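Please examine the structure shown below together with its sequence. The paragraphs that follow lead through it step by step.

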Amino acid sequence: MSDKLKLARQFIQALPHSMALGMELQELGDGSAVITMPYDDKLIGDPQTGVISGGAVSALMDTCCGAAVMSHPSNPAATATMDLRIEYLRAATPGQTIITRATCYHVTRSVAFVRATTTDEDADNLVATATGTFTVEGHT
């Protein structure tokens, strides 16, 4: 396991909301990240349908986007969300793991730009998409 992946996993495990939601970092590359969140009854937003809360999905997307920024080759030391626009396309299928893939595609001296997609186990049918901007600190 690379040092960057190990550090990123430690970072995500240090975030109380990430641990409470069961997030797990699956992949980390040069400006990209994949994080999963397993289905859990405590995350249900609609008891009648069993659909996961949009808030849990947005937290997953935000965390994954931040991980993508921190893994960018420009080596930002820290980041924070400035703006995150999420478009929900459908409800995730109850009982299925949710997967977010994020890519940091451009970094300036102070701002990183990120895109993300979220699916459930049907990888061809998007649950949500996001675009965001994140602060960049300690950029080299």
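In this predicted model, the sulfur of C64 has its closest cysteine sulfur in C65, at 6.2 Å, which is too far for a bond. A disulfide is a covalent bond between the sulfur atoms of two cysteines. Because the two sulfur atoms would have to lie within 2.5 Å to be counted as a disulfide, the separation of 6.2 Å rules this pair out. C65 is likewise in no disulfide, its nearest cysteine sulfur being that of C64. The structure as a whole holds 0 disulfides. Are these cysteines buried or exposed? C64 is buried, with a relative accessible area of 0%, and C65 also counts as buried, at 0% relative accessibility.

Both cysteines belong to the stretch of chain that forms helix α3, which covers residues 54-70. This helix lies across β1, β2, β5, β6, β7 (111-119) and β8. Relative to β2, helix α3 runs at about 150 degrees.

The strands that the helix crosses form a sheet. Strands of a sheet pair through backbone hydrogen bonds, either parallel or antiparallel. Here the sheet is open and has 6 strands, in the order β1-β2-β6-β7-β8-β5, with antiparallel pairing. Which strands form the edges of this sheet? The edge strands are β1 (24-29) and β5 (81-88), each of which pairs on one side only. Neighbouring strands of the sheet are turned against each other by 15 degrees on average, when direction is ignored.

The pairing can be followed from the β1 edge inwards. Strands β1 and β2 pair in the antiparallel sense over 5 bridges, and within this pair E27 stands opposite V34 of β2. The two strands form a hairpin with 2 residues between them, where G31 takes a positive phi near 90 degrees. Strand β2 (residues 32-37) is in turn joined to β6 (residues 98-107) by 6 bridges, and these two strands run antiparallel. Two positions illustrate this pairing: S32 stands opposite T103 in β6, and I35 stands opposite T100 in β6.

Why can strand β2 be described as largely enclosed by the rest of the structure? The reason is that 5 of its 6 residues are buried. Residues of β2 also take part in the largest nonpolar core, which has 33 residues. Those with the most contacts inside this core are I35 and M37. At least two residues of the core are supplied by each of α1 (3-14), β2, α3, β6, β7 and β8. Helix α3 gives the most, with 10 residues. The surroundings of M37 show how separate parts of the chain come together: leaving aside its neighbours within four places in sequence, M37 is in contact with L21, G22, L43, I52, A56, V57, L60, T97 and I98.

Farther along the sheet order is strand β8 (residues 128-135), in which T131 is found. With a relative accessible area of 41%, T131 is partly exposed, because this value falls between the limits of 20% for buried and 50% for exposed residues. Apart from its neighbours within four places in sequence, T131 is in contact with D83, L84, R85, V114 and R115. The C-alpha atoms of T131 and V107 are separated by 14 Å, although these residues are 24 places apart along the chain.

One of the residues in contact with T131 is R85, which leads to the charged side chains. How many salt bridges are counted in the model? The count comes to 2. In one of them, the side chains of R85 and E87 meet at 3.1 Å, N to O. E87 counts as partly exposed, at 37% relative accessibility. The side chains of D120 and R90 also meet in a salt bridge, at 2.8 Å, N to O. This pair links distant parts of the chain, with D120 in the loop between β7 and β8 and R90 in the loop between β5 and β6, 30 residues apart. D120 is buried, with a relative accessible area of 0%, whereas R90 is partly exposed, with a value of 22%.

Terms used. Residues numbered from 1 in each chain as written. Predicted model: local features only at pLDDT ≥ 70, side-chain atom pairs only at ≥ 80, totals over all residues. Heavy atoms only, no water. Helix = DSSP H or I, 4+ residues; strand = E, 2+ residues; numbered from the N terminus. Buried < 20%, exposed > 50% of the residue type's maximum accessible area, 1.4 Å probe, protein only. Contact = heavy atoms within 4.5 Å. Pairing = 2+ DSSP bridges. Axes fitted to C-alpha atoms, helices over the stretch in contact; angles between N-to-C directions. Salt bridge = Lys/Arg side-chain N within 4 Å of Asp/Glu carboxyl O. Core = buried A, V, L, I, M, F, W, Y, C linked by side-chain atoms within 4.5 Å.
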